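Please look over the model below before reading on. My notes follow as numbered points.

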Amino acid sequence: MASRTPVLQGKIAIVTGGAQGLGAAVAAELDSEGALVVVADLNGDAAQATAESLSRGESAVCDVRDDAAVAKLVEDVVSRHGTLDIMVANAGIATITPFTEMDFDTWRSVLAVNLDGVFSTVRYAGRAMAASGGGSIITMASITGFAGSPLIAHYAAAKAGVISLTKTAAVELRGKGVRVNAICPGFIGTEMVLDRKAEFEQALGVDDFGAVIAQAQGRMGEVGDVAPLAAFLASERSRFSNGSTFVVDGGMTASLV
Ligand code: NAI
C-alpha cells in the first residue's frame, strides 16, 4: 500500500507551552506530519527535552507574558527558516480559588498568561504570516470559555477572551491568507488537571474528581484526543475553517445533565 504524504511536509511551526502536556502532544503530532516544530516554553530544559524527542525539533525559551520575548521568538524563527507557517498559542496556567475570595493579583496572573500571552502570540504570528502570504494560527481555548466554571473565574474569563480574539483575528487576517481557529478541550489528564485533583475535591466537596469528570464527559480526556485536531487545523485540509471553535469534550457541553 502506498504511504500517505505527511500533510505538513516542509512547514515551520511554533508551539508555545510546548514542553509538556497538550503542547508536547501537539508538537509531536505536527512533527509526525512533517513540520519542523519549535517548542517554545518558559521551562527551557523541558522544552529542549521535548524538542529532542522530535525528528525535526528545536527549542526556545519564551515567557508569553513578555510581549518583546514573543516578538523575538517569531522574528528568530522567521530569520532562521525564512517563514512561519503554523503557530499554536497553547501556553496556559490555572489556579483554583472561589471567585469571591480571588485577589486581584491572582486574577491578573492568569489573565497575563492565558489572555495577554495569546494576544502577543497571535498578533506577532499574524503579522509575520500576513507578510509572507499566509499561515494557520491555532489557539488553545477551552470549554470553560462557554460556561460558568466554578473556582476558575480568571481562567474561564481568559478563555472566553481567547475565543473572541480568535474570531476577530480570523476576520482581520482572512484577506491575507491567514486562518485562526480555536480548539476548546474539555478536561484532559495533564499536570494542569491531575496535579489539582485534591484541590478540586476539597473545594467542590466531592470524594473523587475523576468520577465527577467521568460523569460529565465519559472519561478523563487524553492529549491524543486533541492533538490530531491541531494537525488538521494547521493543514490545508481545513482550508474552509476560519474563526471557528472546535470542541473536544466527550460530549460534556452537549448535555444538560
Ligand atoms: P500543562 O500545565 O501540562 O502545560 C502547560 C505548559 O505551558 C508548560 O510546559 C508550562 O511550562 C508552559 N507555560 C506556562 N506558563 C508559560 C508562560 N508564561 N510562557 C510560556 N510557557 C508557559 O497544561 P496543559 O493541560 O497541557 O495545558 C495547555 C493548554 O491547554 C493551556 O492553555 C490550557 O489552558 C489548555 N487547556 C487544558 C485543558 C486540560 O484539561 N488540561 C482543557 C482545556 C484547555
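**Notes on the predicted model**

1. Phe 246 is partly exposed, at a relative accessible area of 21%. Here buried means under 20% relative accessible area, exposed over 50%, and partly exposed in between, with a 1.4 Å probe and protein chains only. Phe 246 belongs to strand β7, residues 245–248. Strands are DSSP runs of E with at least two residues, helices are runs of H or I with at least four, and both are numbered from the N terminus. From Phe 246 to Gln 9 the C-alpha distance is 24 Å, with their positions 237 residues apart in sequence.

2. On provenance: this is a predicted model, local features need pLDDT of at least 70, side-chain atom pairs count only at pLDDT 80 or more, and totals for chains, interfaces and linings use all residues. Residues are numbered from 1 along each chain as its sequence is written, and side-chain values use heavy atoms, without hydrogens and water.

3. Which residues are closest to the ligand? They are Asp 41, Asn 90, Tyr 155, Ile 188 and Thr 190, out of 29 that surround the ligand. A residue counts here if one of its heavy atoms lies within 4 Å. The shell splits into 16 nonpolar, eight polar and five charged residues. In this scheme Ala, Val, Leu, Ile, Met, Phe, Trp, Tyr, Cys and Pro are nonpolar, Asp, Glu, Lys and Arg are charged, and the others, Gly among them, are polar.

4. Now the polar contacts, meaning pairs of N or O atoms within 3.5 Å; within protein, one must be able to donate a hydrogen and the other to accept it, and residues adjacent in sequence count only if both atoms are side-chain atoms. A polar side-chain atom of Tyr 155 is 2.5 Å from a ligand oxygen. The Lys 159 side chain places an N or O atom 2.9 Å from an oxygen of the ligand. A polar backbone atom of Val 64 lies 3.0 Å from a ligand nitrogen.

5. Which elements give two or more residues to the shell around the ligand? They are α1 (21–32), α5 (153–173) and α6 (191–194). α6 gives the most, three residues.

6. Glu 201 sits in helix α7. Glu 201 is buried, with a relative accessible area of 14%. A polar atom of its side chain is 2.8 Å from the backbone nitrogen of Phe 209.

7. Is Asp 207 buried or exposed? Asp 207 is exposed, because its relative accessible area is 76%. Asp 207 is found in the loop between α7 (197–204) and α8 (209–217).
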